[in-house]
Amino acid sequence: MPTREAPQPPYVLLFQEAQPGAEPLMVSVDERSALPLFGSAGRAEAFLLSADFGGGWKPVEVSGAGLLAVLEGCRGKVEYVALDPPPAREGGMRVEMGNLEELIEALQTSGGTDLFGLGGFGRS
């Protein structure tokens, strides 16, 4: 089975407004709160089109520093990051998940290199 590649910078999150302090889209995956994180705007658009999150959500590219700021703002709101979640479909779906706190720590210590090679990521 081929190894799945994690998103690389620039990262893509979903926002209704692209401005400082805006909250990104947060979802529930297997009853766990998660922040969807994408490796491309195309993947983010496909995800958005597959579900009804209400109007106005759009993909926004963020740098490693921007991602760190958003993740820190999500503390206490979500526990996980969902990496490139696939478009919604009938039945269950496999989503690679990472622990929010571990990703914050990885961003703080690695400067953005090999973020997803660190522990805490698996499939849900």
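Two strands count as paired here if DSSP finds at least two bridges between them. With that in hand, we can walk through this predicted model, starting with a hairpin.

The hairpin is built from β2 and β3, with 2 residues between the strands. Strand β2 covers residues 27-29 and strand β3 covers residues 32-37, and the two pair in the antiparallel sense over 3 bridges. If you want a spot to anchor your view, look for Ser28, which stands opposite Ser33 in β3. Now slide along to the turn. Asp30 sits in the loop between β2 and β3, and its phi is positive, at about 50 degrees, although Asp30 is not a glycine. Is Asp30 buried or exposed? It counts as exposed, because its relative accessibility is 52% and the cut-off for exposed is over 50%. There's also a long-range neighbour to look up: Arg94 is 64 residues away from Asp30 in sequence, yet their C-alpha atoms are 10.0 Å apart in space.

Let's zoom out for a moment. The chain has 3 helices and 7 strands, and from the N terminus on, the order of elements is β-β-β-α-β-α-β-β-α-β. There are 124 residues in the chain, and buried ones make up 39% of them. Take the contacts with a separation of 6 or more: 69% of them come from residues 24 or more positions apart.

Back to β3, which has another partner besides the hairpin one. Strand β5 (residues 80-83) runs parallel to β3, and 4 bridges join the two. Two of the pairings are handy to pick out on screen: Leu35 has Val81 as its bridge partner in β5, and Pro36 has Ala82.

What about the other pairing of β5? That one is with β6, in the antiparallel sense, again over 4 bridges. Here the bridge partner of Leu83 in β6 is Glu96. Leu83 itself belongs to strand β5 and is buried, with a relative accessible area of 1%. The C-alpha atoms of Leu83 and Met97 are 6.0 Å apart, with their positions 14 residues apart along the chain.

Which way do the side chains of β5 point? In a regular strand the side chains alternate between the two faces of the sheet. In β5, Tyr80 and Ala82 point one way while Val81 and Leu83 point the other way, and all of them are buried.

Just past that strand comes Asp84, in the loop between β5 and β6 (96-99). Like the turn residue we met earlier, Asp84 is not a glycine but has a positive phi, this time of about 45 degrees. Its surroundings are another matter: Asp84 counts as buried because its relative accessibility is 10%, and buried means under 20%.

Next, the interior. The largest nonpolar core has 19 residues, and the members that touch the most others are Leu13, Leu35, Leu37, Leu67, Leu71 and Val81. Two or more residues each come from β1 (11-15), β3, β4, α2, β5 and α3 (100-110). Apart from this core lies another one, of 15 residues, including Leu25, Val29, Ala34 and Tyr80. Put that beside the β5 pattern: Val81 is among the best-connected members of the largest core, whereas Tyr80 belongs to the other core, and the two side chains point opposite ways from the strand.

Finally, the empty space. Rolling a probe the size of a water molecule over the atoms shows where empty space is left. In this model the largest pocket holds about 150 Å³ of space. Its lining includes a run you can select in one go, Glu17, Ala18, Gln19, Pro20, Gly21 and Ala22, together with residues such as Phe15, Val60, Val62 and Gly66. Which elements supply at least two residues of that lining? They are β4 (58-62) and α2 (64-73), and α2 gives the most, with 3 residues. By class, the lining comes out as 8 nonpolar, 3 polar and 1 charged residues. Both β4 and α2 also turned up among the elements giving two or more residues to the largest nonpolar core, which makes them a good pair to colour when you look at the core and the pocket together.

Notes
Residues are numbered from 1 along each chain as its sequence is written. This is a predicted model: local features need pLDDT of at least 70, side-chain atom pairs count only at pLDDT 80 or more; totals for chains, interfaces and linings use all residues. Side-chain values use heavy atoms; hydrogens and water are left out. On a 1 Å grid over the protein atoms alone, a cavity is a set of points where a 1.4 Å probe fits but cannot get out, and a pocket is an open set with protein on both sides within 12 Å along at least five of seven lines; lining residues have an atom within 4 Å of a point. Grid points are joined across faces, edges and corners, and a volume is the space filled by probe spheres set on the points. Ala, Val, Leu, Ile, Met, Phe, Trp, Tyr, Cys and Pro count as nonpolar, Asp, Glu, Lys and Arg as charged, and the others, Gly among them, as polar. A nonpolar core is a set of buried Ala, Val, Leu, Ile, Met, Phe, Trp, Tyr and Cys residues joined through side-chain atoms within 4.5 Å. Buried means under 20% relative accessible area, exposed over 50%, partly exposed in between (1.4 Å probe, protein chains only). Contact means heavy atoms within 4.5 Å.
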